[in-house]
Amino acid sequence: MQFEQKQMDSGVHVPLVAILSNPLSTTNAGGMEEIRKVVNESANVVHFELNGIETMDEAMALFGRASPALLVINGGDGTIGAAFASLLYNKHFRVLPPIAILPGGKTNMTAADLGATGKPVKVLQRLLKLAKRGEIPDRLIKRHVIEMDLGDGELPRVGTFFGTAGIVKGIFWCREHAYSLGLPNSLAHIVSVFKLVASALGIGRDKSLMTSDPMSINVPGSCRIAGQYTSVAATTLDRLLLGIKPYAYKEPGNGGLRFSAIEAGPRHVIGAIRGFLTGSFGDKYIPGVHVRRSNEVRIEGTDPVTLDGEIYRPIAGKPVTLRGDKFLTFVSLK
């Protein structure tokens, strides 16, 4: 754990910037010295390095007392989700500051959607320049987050992308095969997507890789479906891995969650792919494809689920409940 502060050197008004780093996140593991150097050379910056996720609340309590004008989270999607949960549930701040994300992990889907791409130290330098020039308020956007309740009596987990069915199986395949080849993250993701799409189309030896166990899904007031699925996802992001736009904006319903489910079978998968390519996914009816907007989705099944890359096992007899009615304020670098 590290907590550092450098006071302003002159009468120039520099907003206080708080930086939360997870030095164990994938990208940070080899680049923290650059971050520390920028912090040491910057005025009016506080920096806390986590000593495990369990020190998250300690960091947020310190930041809450400092009342920063900007909170920068430097870590992977798992670190980001834990930070969101601490901000929403533990009330360390009287007024929540705007949040900026550095791409310190392996996937960095949330960071990329906010335009924070490239080396974390370069993104940090850009953010500090914007803060010094007083330009952060011009870049603020509100973004809903996903609260995932597993029915285990714990506080909901918080993130921006939920998946189950073939999505989780795809994560396992990517980690066990593509990442083990030592490929750059973006190339590993491309290889995995091709493999998983081929399996969903019935090509290759493992034709069940992208088929879920039977599950039932309820979008209250909108639809109730059951069956086996290639993909079940809910997100508050505008773009996913490889810049994929999850679906059009005319899907039925209202709410913070953009939900989609693709039934198993080559015919349905081909229809979904055609919808992605033509921009009609979520805009026009596609057989076997279900798309909704809602503030709540309930999923019952035995397949593991993921929230921002972290894997969870459903509790037997308990639905996984997703809610999307809360939001945070972020800094967009697009």
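A residue is called buried when its relative accessible area is under 20% and exposed when that value is over 50%, with partly exposed residues in between. In this predicted model, the five residues of strand 2 (residues 17–21) can be described in these terms. V17, I19 and S21 point one way from strand 2, whereas A18 and L20 point the other way, and all are buried. In a regular strand, the side chains alternate between the two faces of the sheet. Because five of the five residues of strand 2 are buried, this strand is largely enclosed by the rest of the structure.

The pairing of strand 2 was examined next. Strand 2 pairs in the parallel sense with strand 3 (residues 45–49) over five bridges, and within this pairing the bridge partner of L20 is F48 in strand 3. Between these two strands the chain passes through helix 1 (residues 32–40), and the resulting β-α-β crossover from strand 2 to strand 3 is right-handed. Strand 2 also pairs in the parallel sense with strand 4 (residues 70–75), again over five bridges, and here A18 stands opposite L71 of strand 4.

A residue from a later part of the chain, V331, is found in strand 19 (residues 327–331). V331 has a relative accessibility of 2% and therefore counts as buried. Although V331 and V72 are 259 residues apart along the chain, their C-alpha atoms are separated by 9.4 Å. When neighbours within four places in sequence are left aside, V331 is in contact with L70, P98, I99, A100, L114, L127, I136, R139 and L140.

Attention then turned to charged side chains. Side chains of opposite charge can pair when their charged atoms come close, and a search of the whole structure finds twelve salt bridges. In one of these, E34 is joined to K119, with the closest N and O atoms 3.3 Å apart. Since E34 lies in helix 1 and K119 in the loop between helix 4 (109–113) and helix 5 (120–132), the pair ties together parts that are 85 residues apart in sequence. Both partners count as partly exposed, because the relative accessibility of E34 is 36% and that of K119 is 45%.

Helix 1 also takes part in a second salt bridge, in which the side chains of E49 and R36 meet at 2.7 Å, N to O. Here E49 lies in strand 3 and R36 in helix 1, so the pair ties together parts that are 13 residues apart in sequence. E49 is buried, because its relative accessible area is 5%. A further salt bridge, with an N to O distance of 2.7 Å, brings together the side chains of E41 and K37, and both of these residues are exposed. In addition, salt bridges that share partners join D113, R143, D238, R258 and K334 into one network.

Finally, G317 was considered, which has its place in the loop between strand 17 (310–312) and strand 18 (320–323). With a relative accessibility of 74%, G317 counts as exposed. The C-alpha atoms of G317 and G151 are separated by 9.4 Å, while the two residues are 166 residues apart along the chain.

Note on methods:
Residues numbered from 1 in each chain as written. Predicted model: local features only at pLDDT ≥ 70, side-chain atom pairs only at ≥ 80, totals over all residues. Heavy atoms only, no water. Buried < 20%, exposed > 50% of the residue type's maximum accessible area, 1.4 Å probe, protein only. Helix = DSSP H or I, 4+ residues; strand = E, 2+ residues; numbered from the N terminus. Pairing = 2+ DSSP bridges. Right-handed = clockwise from strand over helix to strand, strands pointing away. Contact = heavy atoms within 4.5 Å. Salt bridge = Lys/Arg side-chain N within 4 Å of Asp/Glu carboxyl O.
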